[in-house]
Amino acid sequence: MPPDPFADDPNDPASFLEPEEEFPLLSDEELLDLKSDLANVKDFRRLLEPRGIRGISMLCNDCDEVHYYDWDIIESNIAMLINHQIVPVHEPGAKPNPDEYVTWDYCLGYADAMDYAFNGARPRFLWDR
Ligand SMILES: [Zn+2]
């Protein structure tokens, strides 16, 4: 047998062929949460995209920096989680303009205010539908 050309190479290409990390099965509750997240995101997008908002900003726990996610990315990431697929590492957009992104909490507040403006006070919140 010829010597393994990658024997001492930490970037041995075979190491990329190892099986994906075990993906934990979602509980029914987590699945419901994700489905309501997805419904929320579609609502937020419907309300905010016409106002020039391109997506949602989130503080990343890993690198302590704010990341910016376009609506399409958020929707497809949540849909992939629901379908029990691995979510690919996102490629941050090239130089996102922070003014074009808002936080999840901002979206919740905005959607609630819009709901109130159009429907008046209701005993349940928009996102409990
Ligand atoms: Zn990060």
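Colleague: Which residues coordinate the zinc ion?
Modeller: First, a heads-up: this is a predicted model, where local features need pLDDT of at least 70 and side-chain atom pairs count only at pLDDT 80 or more, while totals for chains, interfaces and linings use all residues. Residues are numbered from 1 along each chain as its sequence is written, and side-chain values use heavy atoms, with hydrogens and water left out. Donors are N, O and S atoms within 2.8 Å of the metal (3.2 Å for Na, K and Ca), and sites may look incomplete because water is not among the atoms. At 2.0 to 2.3 Å, the zinc ion is held by the SG atoms of two cysteines and the NE2 of a histidine: Cys60, Cys63 and His67.

Colleague: How are the donor residues of the zinc ion spaced in sequence, and are Cys60 and His67 buried or exposed?
Modeller: Along the sequence, the donor residues of the zinc ion follow C-x2-C-x3-H. For cover, buried means under 20% relative accessible area, exposed over 50%, and partly exposed in between (1.4 Å probe, protein chains only). By that rule, Cys60 and His67 are both buried.

Colleague: In what order do the elements of the protein chain run from the N terminus?
Modeller: Helices (H or I, at least four residues) and strands (E, at least two) are DSSP runs, numbered from the N terminus. The protein chain has three helices and three strands. Read from the N terminus, the elements go α-β-β-α-β-α.

Colleague: How much of the protein chain do buried residues make up?
Modeller: The protein chain has 129 residues. Its buried share comes to 24%.

Colleague: Where does Asp64 lie, and what is its phi?
Modeller: Most residues other than glycine have a negative phi. Asp64 sits in the loop between β1 (55-59) and β2 (66-70), and it is exposed because its relative accessible area is 61%. Although Asp64 is not a glycine, its phi is positive, at about 65 degrees.

Colleague: And what is the phi of His84?
Modeller: You'll find His84 in the loop between α2 (71-82) and β3 (101-102). With a relative accessible area of 35%, His84 is partly exposed. His84 isn't a glycine either, but its phi is positive, at about 60 degrees.

Colleague: How many salt bridges does the structure hold?
Modeller: Side chains of opposite charge can pair when their charged atoms come close. Here a salt bridge is a side-chain nitrogen of Lys or Arg within 4 Å of a carboxyl oxygen of Asp or Glu. The number of salt bridges in the structure is seven.

Colleague: Which residue forms a salt bridge with Arg46?
Modeller: The partner is three residues away in helix α1, so the two are about one helical turn apart. Arg46 counts as exposed at 54%, while the partner is buried at 10%. Their closest N and O atoms are 2.9 Å apart, and the partner is Asp43.

Colleague: Which residue meets Glu75 in a salt bridge?
Modeller: N and O are 3.4 Å apart in this pair. The pair links distant parts of the chain, helix α2 and helix α1, 30 residues apart. Both residues are buried, and both belong to a network of salt bridges that also links Lys42, Glu49 and Asp72. The side chain that meets Glu75 is that of Arg45.

Colleague: What is the N to O distance in the salt bridge of Arg54 and Asp70?
Modeller: Arg54 is partly exposed at 42%, and Asp70 is partly exposed at 26%. The side chains of Arg54 and Asp70 meet in a salt bridge with N to O at 3.6 Å. Arg54 is in the loop between α1 and β1 and Asp70 is in strand β2, so the pair ties together parts that are 16 residues apart in sequence. The distance you're after is 3.6 Å.

Colleague: What separates the C-alpha atoms of Asp37 and Ile78?
Modeller: Asp37 is in helix α1 and is partly exposed at 27%. Along the chain, Asp37 and Ile78 are 41 residues apart. Their C-alpha atoms are separated by 7.6 Å.

Colleague: What about the C-alpha atoms of Leu26 and Asn83, what separates them?
Modeller: Leu26 belongs to the segment before α1 and counts as partly exposed at 26%. Leu26 and Asn83 are 57 residues apart along the chain. The separation of their C-alpha atoms is 9.9 Å.
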